[in-house]
Amino acid sequence: RQDIVDKVEVAPVLIRKGSTNVALYGMGSMRDERLNRMWQNKKISFLRPESDFDDGPAAAEEEDQPNDDEIWFNLFTLHQNRDSGRGAKNCVH
């Protein structure tokens, strides 16, 4: 649920198994026209998972690249009602 109606932040569900890290993002329950307008105006942002790798002072002494355990695979799912009668403005392109 969003309290601010002109901006959407999508938080991921984080899944870890072994050395694989997946950040699963999902959206639904929004009118297609509104979703398209917000997408085109870049009003939708995606929160990134925190990792052990950051730009702090300790990280400056180490390598500039995260190791394999800190890399996240991002997957975005979107529920959208699509049929031929809705028109080009009523879907995300």
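## A bridge to begin with

Let's start in the middle of the fold: Val-13 has Leu-24 as its bridge partner in strand 3. Strands here are DSSP runs of E with at least two residues, helices are runs of H or I with at least four, and both are numbered from the N terminus. Two strands pair if DSSP finds at least two bridges between them.

Please keep in mind that this is a predicted model, in which local features need pLDDT of at least 70 and side-chain atom pairs count only at pLDDT 80 or more, while totals for chains, interfaces and linings use all residues. Residues are numbered from 1 along each chain as its sequence is written, and side-chain values use heavy atoms, with hydrogens and water left out.

## The three-stranded sheet

Three strands make an open sheet with mixed pairing, in the order 2-3-5. Strand 2 (13-17) and strand 5 (73-78) are the edge strands, each pairing on one side only. On average, neighbouring strands of this sheet are turned by 25 degrees against each other, direction ignored. For such angles, axes are lines fitted to C-alpha atoms (for helices over the stretch in contact), and the values run from 0 to 180 degrees between N-to-C directions.

Strand 2 and strand 3 (residues 20-27) run antiparallel and are joined by five bridges. The two strands form a hairpin with two residues between them, and Gly-18 in the turn has a positive phi of about 60 degrees. Lys-17 stands opposite Thr-20 of strand 3. With strand 5, strand 3 pairs in the parallel sense over six bridges; there, Met-27 has Leu-78 as its bridge partner.

## Two residues to look at: Asn-21 and Thr-77

Asn-21 sits in strand 3. With a relative accessible area of 5%, Asn-21 is buried; the cut-offs are under 20% for buried, over 50% for exposed and partly exposed in between, using a 1.4 Å probe and protein chains only. The Asn-21 side chain makes a polar contact with the side chain of Arg-16 at 3.4 Å, and it also reaches the backbone oxygen of Ile-71 at 3.3 Å. A polar contact is a pair of N or O atoms within 3.5 Å; within protein, one must be able to donate a hydrogen and the other to accept it, and residues adjacent in sequence count only if both atoms are side-chain atoms.

Thr-77 belongs to strand 5 and is partly exposed, at 40% relative accessible area. Its C-alpha atom is separated by 7.8 Å from that of Leu-24, although these residues are 53 apart along the chain. Neighbours within four places in sequence aside, Thr-77 is in contact (heavy atoms within 4.5 Å) with Leu-24, Tyr-25, Gly-26 and Met-27.

## Aromatic pairs

How many aromatic pairs does a search of the whole structure find? There are four. Rings of Phe, Tyr and Trp (its six-membered ring) pair if their centres lie within 6.5 Å; planes under 30 degrees apart count as stacked, over 60 as edge-to-face and the rest as tilted. Trp-39 and Phe-76 are stacked because their ring centres are 5.9 Å apart and their planes lie at 15 degrees. Since Trp-39 is in helix 1 (residues 32-40) and Phe-76 in strand 5, this pair ties together parts that are 37 residues apart in sequence.

Phe-76 also forms an edge-to-face pair with Phe-46, at 5.1 Å centre to centre and 80 degrees between the planes. This pair links distant parts of the chain, with Phe-46 in strand 4 (residues 44-46) and Phe-76 in strand 5, 30 residues apart. Trp-39 is partly exposed at 28%, as is Phe-76 at 31%, and Phe-46 is partly exposed at 32%. Together with Tyr-25, these residues form one aromatic cluster: Tyr-25, Trp-39, Phe-46 and Phe-76.

## The nonpolar core

A nonpolar core is a set of buried Ala, Val, Leu, Ile, Met, Phe, Trp, Tyr and Cys residues joined through side-chain atoms within 4.5 Å. The largest one has ten residues: Val-8, Val-10, Ala-23, Tyr-25, Met-27, Met-30, Leu-35, Met-38, Ile-44 and Trp-72. Strand 1 (8-10), strand 3 and helix 1 each supply at least two of them, and strand 3 gives the most, with three residues.

For a closer look, try Met-38: leaving aside neighbours within four places in sequence, Met-38 is in contact with Val-5, Asp-6, Lys-7, Val-8, Met-30, Lys-43 and Ile-44.
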